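Colleague: I work at the bench and would like to learn how to read a structural model feature by feature. Could you take me through one, giving the general idea before the particular case?

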Amino acid sequence: MKKILTVLAISFSALMASSLSTAAPQFDHDHPRYGNEPRGRDFRDSGNDDQQDRRRMREERGVKRLQQHKWQQGYVMPQHYRGNGYKVEYKDHNLPKPNRNQQWYKINNDYILVEADSNSILRIMGL
């Protein structure tokens, strides 16, 4: 029994060693791709700074626009604000108790009562 296990272990080891050596990538060092030339795009290149600046400015404009948003009853609350981070408990903030399927949100120093099914704004209370 010991001999059979030993033969199986050696055979398995030899099989694994041969499969690893054949699976290794073969490099042709004379080919220009494998030289010292850079591969792919270099995102540290100064040409991308303008693109990153434009993207950052666009995101900042979007944040400012959301902060300046004027809430109105009947409007649908944007999906961005529907997360748990904006939900508040009415008891903690001295707000009227919401009905079933209604939730209070605090956004930009305003408390907004929203219908959970339609996400429509029912009431707005400023600080």
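The dialogue below goes through the fold, the sheet, the cores, the loops and the surface in turn.

Modeller: Please keep in mind from the start that this is a predicted model.

Colleague: Then let me begin with the overall layout: how many helices and strands are there in the chain, and in which order do the elements run from the N terminus on?

Modeller: The chain holds two helices and four strands, and read from the N terminus on, the elements run α-α-β-β-β-β. Of its 127 residues, 15% count as buried, and the accessible surface comes to about 10,900 Å², with 50% of that belonging to carbon and sulfur atoms. Among the contacts in the chain with a separation of 6 or more, 30% are made by residues 24 or more positions apart.

Colleague: How should I read the sheet, and in what order do the four strands lie in it?

Modeller: The general idea is that strands of a sheet pair through backbone hydrogen bonds, either parallel or antiparallel. Here the four strands form an open sheet in the order β1-β2-β3-β4, and the pairing is antiparallel. The edge strands, each pairing on one side only, are β1 (87–88) and β4 (121–126).

Colleague: How many bridges join β2 to β3, and over how many do β3 and β4 pair?

Modeller: Six bridges join β2 to β3, while β3 and β4 pair over five. To follow the register by eye, you can look for Q102, which stands opposite E115 in β3, and then move to the other side of β3, where D110 stands opposite G126 in β4 and Y111 stands opposite M125 in β4.

Colleague: Is β3 largely enclosed or largely open?

Modeller: Five of the six residues of β3 are buried, so this strand is largely enclosed by the rest of the structure.

Colleague: Which residues make up the largest nonpolar core?

Modeller: That core has eight residues in all, namely W71, M77, Y81, Y105, I107, I112, V114 and I121. The elements that give two or more residues to this core are β2 (102–107) and β3 (110–115). Apart from it lies another core, of five residues, among them V88, L95, Y111 and L113. If you want one residue from which to explore the largest core, I112 belongs to it, and, leaving out residues up to four places away in sequence, I112 touches W71, Q103, W104, Y105, I107, I121 and R123.

Colleague: What should I make of backbone angles in the loops, and which residue takes a positive phi in the hairpin of β3 and β4?

Modeller: As a rule, most residues other than glycine have a negative phi. In the hairpin of β3 and β4, which has five residues between the strands, N119 takes a positive phi near 60 degrees. N119 counts as buried because its relative accessibility is 16%, and, its neighbours within four places in sequence aside, N119 is in contact with Y75, V76, M77, R82 and V114. In the hairpin of β2 and β3, with two residues between the strands, N108 has a positive phi near 50 degrees.

Colleague: Where is N94 placed, and is N94 buried or exposed?

Modeller: N94 sits in the loop between β1 and β2, has a positive phi near 55 degrees, and counts as exposed at 71% relative accessibility. N101 is also placed in the loop between β1 and β2; its phi is near 65 degrees, and at 39% relative accessibility N101 counts as partly exposed.

Colleague: Turning to charges, how many salt bridges does a search of the whole structure find?

Modeller: The idea is that side chains of opposite charge can pair when their charged atoms come close. The search finds one salt bridge, in which the side chains of D53 and R56 meet at 2.8 Å, N to O. Because D53 and R56 are three residues apart in helix α2 (residues 47–67), about one helical turn separates them. D53 is partly exposed at 30% relative accessibility, and R56 is partly exposed as well, with a relative accessible area of 44%.

Colleague: Finally, which residues form a nonpolar patch on the surface?

Modeller: M1, I4, L5 and L8 form that patch, and together they have about 480 Å² of accessible area. M1 lies in the segment before α1 (2–23) and counts as exposed, at 75% relative accessibility.

Notes. Residues numbered from 1 in each chain as written. Predicted model: local features only at pLDDT ≥ 70, side-chain atom pairs only at ≥ 80, totals over all residues. Heavy atoms only, no water. Patch = residues over 30% accessible without salt bridge, like charges linked within 9 Å, V, L, I, M, F, W, Y side chains within 5 Å. Areas by Shrake-Rupley, 256 points an atom, 1.4 Å probe, with all protein chains shown as cover. Salt bridge = Lys/Arg side-chain N within 4 Å of Asp/Glu carboxyl O. Buried < 20%, exposed > 50% of the residue type's maximum accessible area, 1.4 Å probe, protein only. Contact = heavy atoms within 4.5 Å. Core = buried A, V, L, I, M, F, W, Y, C linked by side-chain atoms within 4.5 Å. Pairing = 2+ DSSP bridges.
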